[in-house]
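Trainee: I have a structure open in front of me and would like to learn how to read its empty spaces and a few of its local features. Where should we begin?

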Amino acid sequence: MMRLLAPVTSAHGVRQLLTKTTSLRSGGILSFVEGGGSPARSMCSAVPAAKERQLQIGSHSVHFVEAGQGNRGVILLPGALGTAWTDFKPQIERLPALLPHHRVIAWDPPGYGKSRPPDKEFTVDFFEHDAAVAGQLMQKLGFQRYSVVGWSDGGITGLVLAANQPEQVETLIVWGSNSYISDAEVKIYEDIRDVRKWSARMREPMEQVYGVDHFPKLWSAWVDGLVRMYHERKGDICSGKLKHIKAPTLVVHGAKDPMIIPEHVPYLLNNIKNADLHVFPEGKHNIHLRYADEFNGIVAKFINDQRV
C-alpha cells in the first residue's frame, strides 16, 4: 500500500498521482463492491460491547450505536441510505480498542434505518440538515469537541459539520466524498438508479433495512435529490464552506473509486487549510470495509496524533 501523508500545496501534483484511476464507463460503476470477497455493506446484530440507543433530537428520534469507554467522542457518518451497522460494522467492533480514550458513535441519519419514520426528504439542503442534527447529537451526549469520520455522503455531511461548527470538530476524516457535483457524476447517479442492476451483495443489505419493494423508491429519491442539487445549486454542495474548516483533515482515497471523479481529491486538499492525503492504490469506494484493519489503524493514528 502506498502512503502519502503530507501537506499538499499543488493540485497538479496530486492529480498526477490520481490519473488513470477511475473509469466512468457505466459498465464499471457497480464493480466497486466486487473482488476481495468483501461486501459493499454488511449486516449484523449488535456485539456485546456496543449499545443501541435512541435520542430525541428536535423532531427526530435518532438511533445510534455506542461503543467504547473513553471520555472523548468520534462520530461515524454513513453513506447514502446507510446505517451504523450496514456501513461501519468493522469500525464499531474494532476502533474502540485502537481509540481507548474515545467513545465511538455510529448513527442512522434522520430518515435512514432505525431513525424512521419518516423517510428522509432529499431537499437541496439535506446535508446541512444532517450536519446540524449530528452536531446536536454529539452535544447531547456530552461532547463539546469530537472527531468526525465520514464516508461518501457521510463525508459530505462531515465537511459541512466541520465548516459550520469549526470549534466543535477537532479532527475530520473523509473518503469517497465531494464538495460539488460534476456533469460526469450526474451520469453516474443515473447509471446506478436502477437497483435491479446491482450485484446481490451490494443490494441485499439495503433491502434488509428498507424492504425489497421500498428500497428502490428511496434510492431513486436520493438520485432525484442529487440531480436537483446539481440543477438548482449549479452542482455546489459545500465548496464555499471548505475554507471555514479548522480541524486537521485526512482525505483517504481509493484510487479506483468509480463513484467520484479524481479531481475531487486535489480540490479538497487545496481548499481545506490543514489537509493530508492517504491513498489506497487498489481501493474502490468501500476501502473501510475491504481494508478494514489497515483503514482503522490509519484513522486511529490520525486521531491519536491530534489528541492534546
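Mentor: Let us begin with the term itself: a pocket is an open set of grid points with protein on both sides within 12 Å along at least five of seven lines. Please keep in mind that this is a predicted model. Rolling a probe the size of a water molecule over the atoms shows where empty space is left. In this structure the largest pocket has a volume of about 250 Å³.

Trainee: How many residues line the largest pocket, and which of them lie nearest its centre?

Mentor: The lining consists of 16 residues, and those nearest the centre are His60, Asp119, Lys120, Glu121 and His129. Sorted by class, this lining has seven polar, five charged and four nonpolar residues.

Trainee: Which elements each supply at least two residues of that lining?

Mentor: They are strand E2, residues 60-67, and helix H3, residues 126-140, and it is H3 that provides the largest share, with three residues.

Trainee: Since E2 has come up, in which sense does it pair with strand E1?

Mentor: Strand E1, which covers residues 50-57, pairs with E2 in the antiparallel sense, over eight bridges. To follow the pairing on your screen, look for Arg53, which stands opposite Phe64 in E2. The hairpin of E1 and E2 has two residues between the strands, and there Gly58 takes a positive phi near 60 degrees.

Trainee: And the closed spaces: how many cavities of 30 Å³ or more are there?

Mentor: A cavity differs from a pocket in that the probe fits inside but cannot get out. The count here is three cavities of 30 Å³ or more, and the second largest has a volume of about 70 Å³. That second largest cavity is lined by 13 residues, with Pro78, Pro109, Asp130, Asp153 and Thr157 nearest its centre. H3 and helix H4, residues 153-164, are the elements that give two or more residues to this lining, which by class has eight nonpolar, three polar and two charged residues.

Trainee: Let me finish with a single residue: is Thr86 buried or exposed?

Mentor: The cut-off for buried is under 20% relative accessible area, so Thr86, with a value of 0%, is buried. Thr86 has its place in helix H2, residues 84-98. A polar atom of the Thr86 side chain lies 2.9 Å from the backbone nitrogen of Thr83, and a polar contact of 2.9 Å also joins the side chains of Thr86 and Asp87.

Definitions and conventions:
Residues numbered from 1 in each chain as written. Predicted model: local features only at pLDDT ≥ 70, side-chain atom pairs only at ≥ 80, totals over all residues. Heavy atoms only, no water. 1 Å grid on protein atoms, 1.4 Å probe; cavity = no way out; pocket = protein on both sides within 12 Å on 5 of 7 lines; lining within 4 Å. Points joined across faces, edges and corners; volume = space filled by probe spheres on them. Helix = DSSP H or I, 4+ residues; strand = E, 2+ residues; numbered from the N terminus. Nonpolar A, V, L, I, M, F, W, Y, C, P; charged D, E, K, R; others polar. Pairing = 2+ DSSP bridges. Buried < 20%, exposed > 50% of the residue type's maximum accessible area, 1.4 Å probe, protein only. Polar contact = N/O pair within 3.5 Å; in protein donor to acceptor, adjacent residues only side chain to side chain.
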